[in-house]
Amino acid sequence: MTTVLLTDITIFVLALLVGFEVISKVPATLHTPLMSAANSIHGIVLAGAMLIAVTAHDALGYILAFVAAAFAAMNVVGGYLVTGRMLKMFRRSRSPVPAADTAPAVSGNGQNPAAGQRGASS
Amino acid sequence: MSAFDWVTQLLYVASATCFVLGLHLMNSPATARRGNQVSTAGMILAVATTLALVAHAGTVTTTGWIVMIAGALLGGGAGLYAARTVEMTAMPQLVSIFNAVGGGAAALVAIDDYVRLASGGVAESTTITTILDVLIGAVTFSGSIIAAGKLQGLIGGAPITFPGSRAVNIAAAAVAAGGAIYMIATPSVVVLIIIIAAALTFGVTMVLPIGGADMPVVISLLNAFTGTAVAMAGFVIGNWALIIAGALVGASGGILTKLMADAMNRSIRNIIVGGFGTGDSGPAVEGPGGDVRSIAADDAAIQLAYAQKVIIVPGYGLAAAQAQHQVAELARVLEERGVEVSYAIHPVAGRMPGHMNVLLAEANVPYPQLKEMDEINPEFARTDVALVIGANDVTNPAARRPGNPVSGMPILDVDQAKSIIVIKRSMGHGYAGIDNELYADPKTSMFFSDAKGALTELTAAVKTLVA
């Protein structure tokens, strides 16, 4: 048992406890964005993937570095963007109200803001 | 420790702080977006710090740089594309894929480290964390891919078992455990590869027999695994940022797993050991007979339009029919008439934790109207009409009695509303495979139709009442 390992275990346990404390306060409404945010955060393994490259100097090392970097970057970028996209949809009140007062056409307009955003972002 | 090491370590601490603050800000929809930005700032800081570390090491070959950057760009591009184009109904699949690649990347980091060290002898503690990382990472990788396949409908959603599947599962676990013990004594890359193969097999045979209804638990559990794998990767390469971030994700996944399992009144072990889905549903409870009242759109519309308070109870059927926009439209028309509308969201209404909330938010439903089970249950007693759409087992009053497959499951107290309208295609059973006693309640009327069509009809009918 080395001191380094002991320190690592201490950090791990404390971080777990902080995680339980902080995350138990997230309301059920936000559990899906929470999971995708978690996806983005465990993308930190990108740092590990980059450090592979430091010592890579044969085909195997390069392949591992490449795949690991691709996997991790997918998490970082995808997790962040999709979380942002979902959170943008959570509104306190039915957004652009003006459209909602114009009789039958309302049905389409009521949804347009959301639809428009989807279109714009894709 | 050189000054450079000090600075990089402190920057890693700063980025970990950003992750914690970011998650903390997710405690309310009002601040959640800022939370996501804070997390991202932490991530950018961590990546920049690592870049500095890598450059400072000075040992990276040109090929190494190219490989690293190309990989990151490719993965980042794939993530960007997926994040922008994914339908909200397909979010569980995407999260599963993200779990898979996260677990995979964590396993690869440990594999690389081990392969490099194996020739020169590996410290026991490094071997143990490597094994843990590779095991958890590989199980997450294959298990999440199977889960995503099931959610996407590429693999049948029903529990899949083949003769000897349990045996294969146990054998894979035994091989992995045996290999692990051998590796601690004698460093060996070959054994590591055997362990990887066994773990991949275990992941597949673990998820295949799990039914569609249990998916919220499975995704949460695999999310927790991914976090743990990343933390183990942090142990292997001695990086605190990975340990802290991995632990945070592990905690998050763990909490969600527990919440989902509790919401179905099932233990996690029970779900993993398997086969709830369709098969082992226990003896069917004597249904109260076929005395259900059906209702036409016009009558249902009158009930809704002249109610003071309506609670909408959406279930997975609503999401499957992609009818979240239609239900939001009906709610809007009712609100214009002065009806108080809210939504009762059961924790497992959807295919992953919180899924239904996202679908309704996409349909422009304001989040204060989305009520959690504990919050909304006391309100049913003073509700004129409860409108149940595509939800079944989570509304079955039989859950309050012992002795049937849904016993003890927390349910929405829909039966306490003054009247109940159920939109449903047929009298088919839910996942638990039993009759829903709510349907036979004298206060209940059944509107037999698909969710989308029924809601459109209802909305049109309510509108004519206005005129």
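## Exercises on a predicted two-chain model

Arg400(B) and Asp413(B) form a salt bridge, with their closest N and O atoms 3.0 Å apart. The model is a predicted one. The exercises start from this pair.

**Exercise 1. Place the pair Arg400(B) and Asp413(B) in the chain, and say how buried or exposed each residue is.**

Step 1. Locate the residues. Both Arg400(B) and Asp413(B) sit in the loop between strand E5 (385-389) and strand E6 (419-424) of chain B. They are 13 residues apart, and the pair links distant parts of the chain.

Step 2. Check accessibility. Arg400(B) has 44% relative accessibility, so it counts as partly exposed. Asp413(B) has 15%, so it counts as buried.

Step 3. Look for a network. Glu329(B), Arg332(B), Glu336(B) and Lys463(B) are joined into one by salt bridges that share partners.

**Exercise 2. Contrast the salt bridge of Arg116(B) and Asp112(B) with that of Glu340(B) and Lys309(B).**

Step 1. Take the distances. For Arg116(B) and Asp112(B), the closest N and O atoms are 3.7 Å apart. For Glu340(B) and Lys309(B), the N to O distance is 3.3 Å.

Step 2. Place each pair. Glu340(B) belongs to strand E3 of chain B and Lys309(B) to strand E2 (residues 309-314), 31 residues apart. Arg116(B) and Asp112(B) both lie in helix H4 (residues 91-118) of chain B. They are four residues apart, about one turn of the helix.

Step 3. Add accessibility. Arg116(B) is partly exposed at 34%, and Asp112(B) is buried at 7%. Glu340(B) is partly exposed at 42%, while Lys309(B) is buried at 3%.

**Exercise 3. Find what surrounds Arg351(B), a buried residue with no salt bridge.**

Step 1. Locate Arg351(B). It lies in the loop between strand E3 (340-345) and helix H14 (355-362) of chain B.

Step 2. Test for a partner. The nearest side chain of opposite charge is Asp214(B), 9.1 Å away. The cut-off for a salt bridge is 4 Å, so this pair does not qualify.

Step 3. List neighbours. Leaving out residues up to four places away in sequence, Arg351(B) touches Pro92(B), Leu151(B), Gly212(B), Met215(B), Pro216(B), Ile219(B), Tyr316(B) and Tyr431(B).

**Exercise 4. Describe the fold of chain A and its contact with chain B.**

Step 1. Count elements. Chain A has five helices and zero strands. Its pattern along the sequence is α-α-α-α-α. Of its 122 residues, 53% count as buried.

Step 2. Size the interface. Chain A gives 91 residues to the contact and chain B gives 109. About 9000 Å² is buried between the chains, 75% of it from carbon and sulfur atoms.

Step 3. Count the polar links. There are zero salt bridges between chain A and chain B. The interface has 17 residue pairs in polar contact.

Step 4. Find the contributors. H4(A) supplies the largest share of chain A's side, 29 residues. By class, that side has 56 nonpolar, 27 polar and eight charged residues.

**Exercise 5. What is the phi of Asn265(B), and what is that of Gln322(B)?**

Step 1. Recall the background. Most residues other than glycine have a negative phi.

Step 2. Read the angles. Asn265(B) has a positive phi, near 55 degrees. Gln322(B) also has a positive phi, about 55 degrees.

Step 3. Locate both. Asn265(B) is in the loop between helix H9 (240-263) and helix H10 (268-273) of chain B. Gln322(B) is in the loop between helix H12 (316-320) and helix H13 (324-336) of chain B.

Step 4. Check accessibility. Asn265(B) is partly exposed at 41%, and Gln322(B) is partly exposed at 36%.

Definitions and conventions:
Residues numbered from 1 in each chain as written. Chains lettered and ligands numbered in written order. Predicted model: local features only at pLDDT ≥ 70, side-chain atom pairs only at ≥ 80, totals over all residues. Heavy atoms only, no water. Contact = heavy atoms within 4.5 Å. Buried area = accessible area lost by both parts, 1.4 Å probe. Polar contact = N/O pair within 3.5 Å; in protein donor to acceptor, adjacent residues only side chain to side chain. Helix = DSSP H or I, 4+ residues; strand = E, 2+ residues; numbered from the N terminus. Nonpolar A, V, L, I, M, F, W, Y, C, P; charged D, E, K, R; others polar. Buried < 20%, exposed > 50% of the residue type's maximum accessible area, 1.4 Å probe, protein only. Lys, Arg positive; Asp, Glu negative; His and termini not counted.
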